[in-house]
Structures are given as structure tokens and as C-alpha cells.
Amino acid sequence: RREGFICPVCRHGCSSCDDLSAHYAEMHGAMERAQPEPSSVSSPPRRDRAISSASSAFEDVADLTAFRDEIMAGVTANSERGIRRAARDAGGINILAALNSVDPNGHIALLEAASEGHDTAIMALHKLGCDMDVHNRDGQSAMHFAASHGHDSTLRLLVSLGADVDATTGFDETALHLASAEGRDKTVECLLALGADPNKAEQHD
């Protein structure tokens, strides 16, 4: 024992400590008991969590792409069953957000249906909650597509489902203006019967 050494247990100098070795053993045991128990469940490494998050994001994009492809197939076939099947298989996808937004190819399901005059597809999309006034990057709505292609029955259907007959594009064009510019006299008459405002078309001219 060294003179002046202080026992860490009894706090006396070594000359006053009867069993310094026993005290050291006691202190060591106390330190072991104070050590925290290792967690039985360890959190995944940060890299693993990042990989898991990225994988989930890729799966979401793949699911969204598959949904849009299936919806477009249903629209092209004018198939209510095909559109319903796409919605049934959508999983956790936000269907309304997908339907009411432009896909990477610049397409919107409702506008494609209106362009082709596929009324059955339009009804099916409406039942899924599709916005009848949804528009593309140029501000064109289903009314504009139906009017420019002369699909009068589609125009009547869209208006009956709540579409704005006087909706304007980014260039302030209405469906009536487009029908007139295309020389579609019957479609012009159809739009006027549906309540289209001729003054808006004249103001654009």
C-alpha cells in the first residue's frame, strides 16, 4: 500500500483501511451493477433505414404508374369495367390525386376520354370522383377537347355532370370559341343550347 492513498469506498487513507482489496472488489461490483442493460431491440442502422425509405418510394411510383396505365387502357377501350378494375387494384394510391393531375406524358384521363367521345369512360371516371373541370398545363378542360372534336353528346354529358360550359384556357378560349374556330356549327348550336356565353367567344376574337 502507498502512503496517502485514499480508499474509494471508505474514503480513508490506506493506513486506516482494514481490507482495501475487499473494498476494491465491492466498488467493482457496484460499477458493474450500474452499467445499463443492452437493449434487446436495436434500431436499424441509418443506412438501412434510408434504403428502406427509398425502396418504398420506388414502389409508390411504380404503383402510381401502373394505375395510370390501367386507367388509360380503360379510357381507350371506353370500358367502365376496366376503369373500375384499375381503381380496385390501386392499393394505397390516392386515386383522386392521380386522376386529377397530369401524368409524366402530359395526359389526363378525363381529357383523353373527352377527346375520343368516350362517354362510358367519362361516367366511370365521374363515379371515382374525377373533377369534371380538371385541366391540362394549357388550361384546356374536357369541354375544350370535346368541343374541338365535335363530340356533342359528350358536351351534354359533361355539363350534366357539373362541368363549366364557359371554362377558359390559358389563352382565354372557351369551348364555344374552339368549336366556332373549327367550323363545327352543330357543336356551336349544342353549346349555346347548354348555356354557353357567346360574348366570351366574341371578346376573345
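Trainee: What makes the packing of helix H8 (residues 152-160) and helix H10 (residues 185-193) roughly parallel in this predicted model?

Mentor: Their axes lie 10 Å apart and pack at an angle of about 15 degrees. Angles under 35 degrees count as roughly parallel, so H8 is roughly parallel to H10.

Trainee: Which hand does the crossing of H8 and H10 have, and which residues meet there?

Mentor: The crossing of H8 and H10 is right-handed. From H8 come Asp-152, Leu-155 and Arg-156, and these meet Lys-186, Thr-187, Cys-190 and Leu-191 of H10. Sorted by class, the contact of H8 with H10 comprises three nonpolar, one polar and three charged residues.

Trainee: Why is helix H5 (residues 109-116) called largely enclosed by the rest of the structure?

Mentor: A residue counts as buried when its relative accessible area is under 20%. In H5 that description fits Ala-109, Leu-110, Leu-111, Ala-113, Ala-114 and Ser-115. Six of the eight residues of H5 are therefore buried, and on that basis the helix is largely enclosed by the rest of the structure.

Trainee: What follows H5 along the chain, and what is the sign of its phi?

Mentor: Gly-117 follows H5, and the phi of Gly-117 is positive, near 70 degrees.

Trainee: How do you know that the buried residues of helix H3 (residues 80-88) line one face of the helix?

Mentor: The buried residues of H3 are Gly-82, Ile-83, Ala-86 and Ala-87. Looking down the axis of H3, one finds these buried residues within an arc of 140 degrees, so they line one face of the helix. Arg-81 and Arg-88, on the other side of H3, are exposed.

Trainee: Why is Arg-85, which is also found in H3, called partly exposed?

Mentor: Arg-85 has a relative accessible area of 35%. Buried means under 20% and exposed means over 50%, with partly exposed in between, so the value of 35% makes Arg-85 partly exposed. As for its position relative to Ile-71, the C-alpha atoms of Arg-85 and Ile-71 are separated by 8.6 Å, while the two residues are 14 residues apart along the chain.

Trainee: What makes the pattern of the protein chain α-α-α-α-α-α-α-α-α-α-α?

Mentor: The protein chain has 11 helices and zero strands, and reading along the sequence gives that pattern.

Trainee: How many of the residues in the protein chain count as buried, and what share of the contacts joins residues 24 or more positions apart?

Mentor: Of the 205 residues, 34% count as buried. Among contacts with a separation of 6 or more, residues 24 or more positions apart account for 61%.

Notes:
Residues numbered from 1 in each chain as written. Predicted model: local features only at pLDDT ≥ 70, side-chain atom pairs only at ≥ 80, totals over all residues. Heavy atoms only, no water. Buried < 20%, exposed > 50% of the residue type's maximum accessible area, 1.4 Å probe, protein only. Helix = DSSP H or I, 4+ residues; strand = E, 2+ residues; numbered from the N terminus. Arc of directions from axis to C-beta. Axes fitted to C-alpha atoms, helices over the stretch in contact; angles between N-to-C directions. Parallel < 35°, antiparallel > 145°, perpendicular 65-115°, else oblique. Left-handed = near helix turned anticlockwise from the far one by under 90°. Contact = heavy atoms within 4.5 Å. Nonpolar A, V, L, I, M, F, W, Y, C, P; charged D, E, K, R; others polar.
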